[in-house]
Amino acid sequence: MFESTVVESKKHKVGVQRLLTLPVSIALHAIVIAAVVIGAIWTVDFPTNSPAQVAQYSVAAAPPPPPPPPPPPPKAAPVQQPVTHMEIPKNIQEMAPTVVPEKVQPVAAAPSNAGVEGGVEGGVEGGVVGGVVGGVTGGVITDTAPKIEAPLRVGGDVKAPIIVTKVEPQYPEVARKARIAGIVIVECTISKSGDVTDVHVLKPLPFGLDAAAVEAVKKWKFKPGTLNGQPVDVLFNLTVNFKLN
């Protein structure tokens, strides 16, 4: 009987312990989890500026609205043209003739000094009887052609000059030894007297050949170019040929 009481007492204790173990275990786990979460939160460094503040700082203020357009200029006042009123006489009927005259007297023409007795119809006012059309009797014919200063290009009414004397150039020894040959083209002015002036090289050659060509053409003589039969200065191109013997 005592043993059965002891056994029942043990069973009763074991049952009470089992009932208390589950709530205590849950409470301990909750405490541990809460401690871990609080410790993790405590060690985290939060930024001083929250995302809302950063977004607020990054958004720029909206620009002010544009100013209103200026008002249109006032319309110009219309210009009124002055109106001239013609006065009509009231007694216009009384002013008109009532009787047609049998003979009308011609109106005398005003004297004119434009013509001279013995003059030619279509003459010039102030001319002299017996004068020459476009000139004066006994006058001197003057050259009215414009003076041409700048040299002209050959073509049209400008005739080309004709060569009279041609001097061969001196072949530089350096160019001869280097076996250099070819042509040199120069532009020059042929004066009214047939002389060669203002020589410019258009197509040169090395080793002094172009200089020798310039010295040679300056000694050439031409029959000058003409314009309407009169000698004039003309621009002309000359070619000097250098050949090796």
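Where is the place of Leu20? Leu20 sits in helix 1, which spans residues 2-43. The model shown in these views is predicted.

**View 1. The whole chain combines helices and strands.** The secondary structure comes to five helices and nine strands. Along the sequence, their order is α-α-α-β-β-β-α-β-β-α-β-β-β-β. The chain has 245 residues, and 14% of them are buried. It exposes about 21400 Å². Carbon and sulfur atoms supply 63% of that area. Now take the contacts between residues at least 6 apart in sequence. Of these, 70% join residues at least 24 apart.

**View 2. Leu20 belongs to a nonpolar patch on the surface.** Is Leu20 buried or exposed? Its relative accessible area is 54%, and the cut-off for exposed is over 50%, so Leu20 counts as exposed. Leu20 shares its patch with Val24, Leu28 and Ile31. Together, the four residues have about 400 Å² of accessible area. Helix 1 is the element that holds Leu20.

**View 3. The largest nonpolar core has 25 residues.** In soluble globular proteins, nonpolar side chains tend to be buried together. Which residues touch the most other members of this core? They are Trp220 and Phe242. Four elements give two or more residues to the core: strand 4 (182-190), strand 5 (196-203), helix 5 (209-217) and strand 9 (234-242). Helix 5 gives the most, with six residues.

**View 4. Trp220 touches residues from several parts of the sequence.** Set aside the residues up to four places away in sequence. What does Trp220 touch then? Its contacts include Ile163, Thr165, Lys166 and Val167. Gly194 and Val196 are also among them. So are Leu238, Thr239 and Val240. Trp220 is a member of the largest nonpolar core.

**View 5. Ser191 lies in a loop.** The loop runs between strand 4 and strand 5. Is Ser191 buried or exposed? Its relative accessible area is 14%, and buried means under 20%, so Ser191 counts as buried. The side chain of Ser191 makes a polar contact with the side chain of Ser193, at 3.0 Å. Which residues does Ser191 contact, leaving aside its neighbours within four places in sequence? They are Pro224, Val232 and Asp233.

How values were computed:
Residues numbered from 1 in each chain as written. Predicted model: local features only at pLDDT ≥ 70, side-chain atom pairs only at ≥ 80, totals over all residues. Heavy atoms only, no water. Core = buried A, V, L, I, M, F, W, Y, C linked by side-chain atoms within 4.5 Å. Buried < 20%, exposed > 50% of the residue type's maximum accessible area, 1.4 Å probe, protein only. Contact = heavy atoms within 4.5 Å. Areas by Shrake-Rupley, 256 points an atom, 1.4 Å probe, with all protein chains shown as cover. Patch = residues over 30% accessible without salt bridge, like charges linked within 9 Å, V, L, I, M, F, W, Y side chains within 5 Å. Salt bridge = Lys/Arg side-chain N within 4 Å of Asp/Glu carboxyl O. Polar contact = N/O pair within 3.5 Å; in protein donor to acceptor, adjacent residues only side chain to side chain.
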